[in-house]
Amino acid sequence: MQTQFIGEHLLPGQLGHFFVVLSFIGSLLSAFAYFRAARCETIDPALSNRWLAIARNSFIIHSAAIIAIFITLYYIITNHLFEYHYAWAHSDRSLPSKYLLSCFWEGQQGSFLLWMFWHSVLGMIVMFRAKALESRAMAIIALVQVCLSTTVLGIYLPGDLQIGTSPFLLLRHQMQEAPIFQQADYLSMIKDGNGLNVLLQNYWMVIHPPVLFLGFASTLIPFAFAVAALWKGDYKLFIKPALSWALFSGAVFGTGIMMGGAWAYESLNFGGYWAWDPVENASLVPWMIMVAGIHTLLIFRATGRSLVITLFFFILSYVAVWYSTFLTRTGVLGDTSVHAFTGEGKSLSWQLLIFIAIVAVCGYGLMIWRRKTMPRIKTEEALWTREFWMFIGSFVLLLAAVQISISTSIPVWSPLAKAITGKDVAPPIDPVAHYNNIQIWVAVFITLFCGGVLYLKYKQTSLRSIARIFSIVLGVSIVLTISTAVIQGIDGWQFILLLFSACFCITATVVYAFSSQKSLKKMGPSLSHFGFGVLILGILITGRKKEVISLNTLGGILPLGETDTRKAMKESQENVMLYEDIAVAMSDYWATYKGDSVSATDPRTFYKVLFQRRDSATGKVLESFSLYPDAFINPKGQEGLSANPSSRHYWNRDIFTYVSSVSGKPNEVRVSQATDTFKHFTVHRGDTIYLSKAFIVFKDFNTQISDSRYTAAPGDVVVGAQIEVYNLEGKINTVQPVYYIRNQAENFIDDTLSSSVGAIVRLGKVIPEENAADIQVKEIEQHKRWIVLKAIVFPHINLVWAGTILMSLGFLLSMWRSISKKGKALKG
């Protein structure tokens with residue numbers, strides 16, 4: 001007899017399953033109907049129109065079903081229906097309502113649904129605006145929706161194969177072997193969900209994924225129009241819609257990527273906004289290829305050249321989107337990424353590989369089929385023309401994207417390389433240095449290109465006509481480079497070269513905008529190139545001149561929970577231990593830990609750190625502010641700490657801080673657990689022992705004992721330990737506990753560190769084989785709370801954000817001009 005489970009809400013799940021199947025059928029019927037409409041277009045226009053009506057209605061039903069899936073799943077999450085695995089796995093009752101939306105896209109199925117949603121929205125716009133290319137472009141869009149719909153179908157096949165995973169699976173179906181689900185009232189024992197990943201509990205993660213997935217989805221539209229143009233054999237109709245959509249994609253996709261950088265800056269503690277993480281790289285590569293495609297499409301529109309490479313770029317950009325999905329959602333990257341999916345997506349591997357093949361075959365298969373009929377201009381471009389250098393710049397972007405992809409994909413192709421060569425290929429130990437050392441030259445070339453190419457004309461350029469203004473731009477750029485290098489302290493010839501290229505790009509675009517593009521509507525190219533120059537300038541200054549001000553000048557390894565000794569030493573040098581109410585110098589500031597606070601509605605613990613800048617002569621406080629870095633302590637029941645930074649923002653810099661370690665539970669004042677026992681430390685010369693109110697450094701052994709507490713006797717073996725005592729304001733004193741053997745018996749003469757420290761130190765024994773000492777410490781007073789803090793100054797970080805915004809606005813301005821233009825090529 002089947003168990004009747006008590007308290008389950010099955011209707012939402014049943015509705016959800018129905019809408020999933022409906023969306024799949026709708027997309028499948030739409031794709032087929034659009035394909036038939038395209039086939040009948042010239043043979044039987046009336047029949048084609050009937051197929052078009054079926055296709056449109058099917059796509060509308062598909063889109064409505066996706067919205068219904070969204071609403072149903074969100075209802076399950078917000079009502080904490082933990083009988084559903086998705087709600088249990090990604091939410092809990094304590095989660096603030098503002099983060100409930102983040103639960104939706106934390107899991108695989110929710111993020112795929114978000115992607116499908118944006119495809120359906122963009123598809124609806126294309127459906128009503130594509131006109132002559134509608135049937136072919138929409139056939140491709142609907143086909144992609146068929147592929148994506150299968151990721152949430154949840155159909156199980158023989159041989160442990162499955163087609164997607166439904167977001168409406170019941171918890172008892174997902175965990176059938178658990179004994180709890182043999183009970184009819186199992187829900188009474190499930191009090192709460194597993195909760196949202198603490199890294200996603202940030203406002204950026206409410207807005208960043210939707211924008212980024214809109215960027216992902218937007219690359220489909222230029223791809224669809226490229227395939228439609230190849231299918232139809234008409235390469236003029238696709239220019240305007242493909243360009244407008246590509247510009248939209250460049251703006252939204254680029255913004256989404258840098259929103260991820262802003263999230264990393266405010267939520268991750270790697271100290272910055274970009275770390276060349278594989279997930280970051282996987283998003284960057286399609287965007288770079290899309291930008292390359294935009295520029296070659298402009299060439300084709302103005303001169304008739306570069307059609308083949310334009311189609312190649314738009315197809316490759318969308319293939320790269322699917323490949324990035326494969327990298328980040330199948331677990332193939334393993335531990336090389338901070339925020340990739342792991343085991344949850346392994347069952348998707350074969351599906352994603354099939355989807356990549358479908359997309360590639362649709363695009364490149366048609367290119368091969370049409371290779372002999374695509375228009376080409378046989379003559380070569382002149383050297384000093386806009387189209388020549390735009391093509392070179394696009395090709396450099398392609399090479400940069402290939403390099404990033406190859407390095408990011410090492411976990412994918414290294415097993416094959418090992419099978420062929422017998423040698424292991426590992427990801428770079430220092431990925432930041434690995435990518436920077438190569439991509440810096442790409443940045444130099446592209447920024448020079450962004451500034452210079454604007455002054456060139458299509459087909460023919462008179463160098464004499466631009467020589468005067470170009471020499472002015474060059475002179476101003478050199479002056480700006482020298483002054484910025486001196487003021488900011490930029491050194492290293494490759495960085496000076498990058499600085500010059502950024503200054504040249506900024507100067508050239510400003511001059512060009514106000515001399516040649518006097519109308520705001522025409523300033524899109526100048527504005528986007530100007531924004532890119534500002535972005536590169538910000539990256540250079542921030543990256544080269546960021547300064548760690550939490551320098552541990554007293555030595556020793558701090559309690560950071562790091563097991564690797566090298567990493568522990570390095571991190572200890574860049575972190576400072578702050579005891580409560582004791583000020584510590586950090587560059588121009590004094591930092592004081594003022595306690596922590598918790599809230600009944602927020603699982604985070606906030607640590608108040610007071611920063612004060614004082615006059616060095618008078619000690620007068622010139623500036624005072626508090627930062628509140630926070631942390632999740634033992635998140636989801638796991639041992640450890642997940643920290644969120646806190647920053648002080650100025651117009652020209654940020655002071656960025658985060659907590660690396662803490663002393664105990666919030667608001668806890670801990671008393672020594674064993675005031676009558678000593679704690680043992682095995683130390684070598686120069687080693688540090690941290691106590692609650694101070695730390696001690698073992699300097700050396702001493703056999704010449706002069707201590708009123710010790711009277712020498714014949715046969716004694718005596719040794720003392722020279723120990724220096726410090727608090728966070730400096731050295732307090734020096735003590736010397738004594739160890740001696742008399743008549744084969746061990747004897748100890750303890751020493752008190754100081755009245756303010758409240759601890760006794762003993763030399764327990766000498767360890768000759770390790771040239772070490774057993775130092776024993778007994779603390780006799782209350783422990784004082786402490787945190788370990790890292791603080792970094794990021795100079796001119798606002799240039800990074802401003803450059804991103806300006807570049808995206810430039811894309812959108814160009815899109816506006818492209819949409820409003822009727823049939824004429826843009827020359828600016």
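**Exercises on a predicted model**

The centres of domain 2 and domain 3, taken over C-alpha atoms, are separated by 37 Å. The model is predicted.

**Exercise 1.** State which residues make up domain 2 and domain 3.

*Solution.* Start with domain 2: the domain assignment gives it residues 428-545. Domain 3 is written in two parts, 565-663 and 786-794. The assignment also lists domain 1 (1-196) and domain 4 (679-779).

**Exercise 2.** Find how many disulfides the structure has, then check cysteine 503.

*Solution.* Recall the bond: a disulfide joins the sulfur atoms of two cysteines covalently. Search the whole structure: the count is zero. Now take cysteine 503: its nearest cysteine sulfur belongs to cysteine 505, 10.0 Å away. The cut-off for a disulfide is within 2.5 Å. Cysteine 503 is in no disulfide.

**Exercise 3.** Decide whether cysteine 103 and cysteine 503 are buried or exposed.

*Solution.* Buried means under 20% relative accessible area. Cysteine 103 has 0%, so it is buried. Cysteine 503 has 5% relative accessibility, so it counts as buried.

**Exercise 4.** Compare the span of helix H8 with its expected span, then find how many of its residues are buried.

*Solution.* H8 covers residues 204-218, which is 15 residues. At 1.5 Å a residue, H8 should span 21 Å. Its end C-alpha atoms are 21 Å apart, which agrees. Of the 15 residues of H8, 13 are buried, and the helix is mostly covered.

**Exercise 5.** Do the same for helix H12, then look just after it.

*Solution.* H12 has 23 residues, 307-329. It reaches 33 Å from first C-alpha to last, close to the expected 33 Å. In H12, 19 of the 23 residues are buried, so the rest of the structure largely encloses it. Just after H12, glycine 331 takes a positive phi of about 85°.

Note on methods: Residues are numbered from 1 along each chain as its sequence is written. This is a predicted model: local features need pLDDT of at least 70, side-chain atom pairs count only at pLDDT 80 or more; totals for chains, interfaces and linings use all residues. Side-chain values use heavy atoms; hydrogens and water are left out. Buried means under 20% relative accessible area, exposed over 50%, partly exposed in between (1.4 Å probe, protein chains only). Domain bounds come from an automatic or database domain assignment. Helices (H or I, at least four residues) and strands (E, at least two) are DSSP runs, numbered from the N terminus. The expected span of a helix is 1.5 Å times one less than its number of residues.
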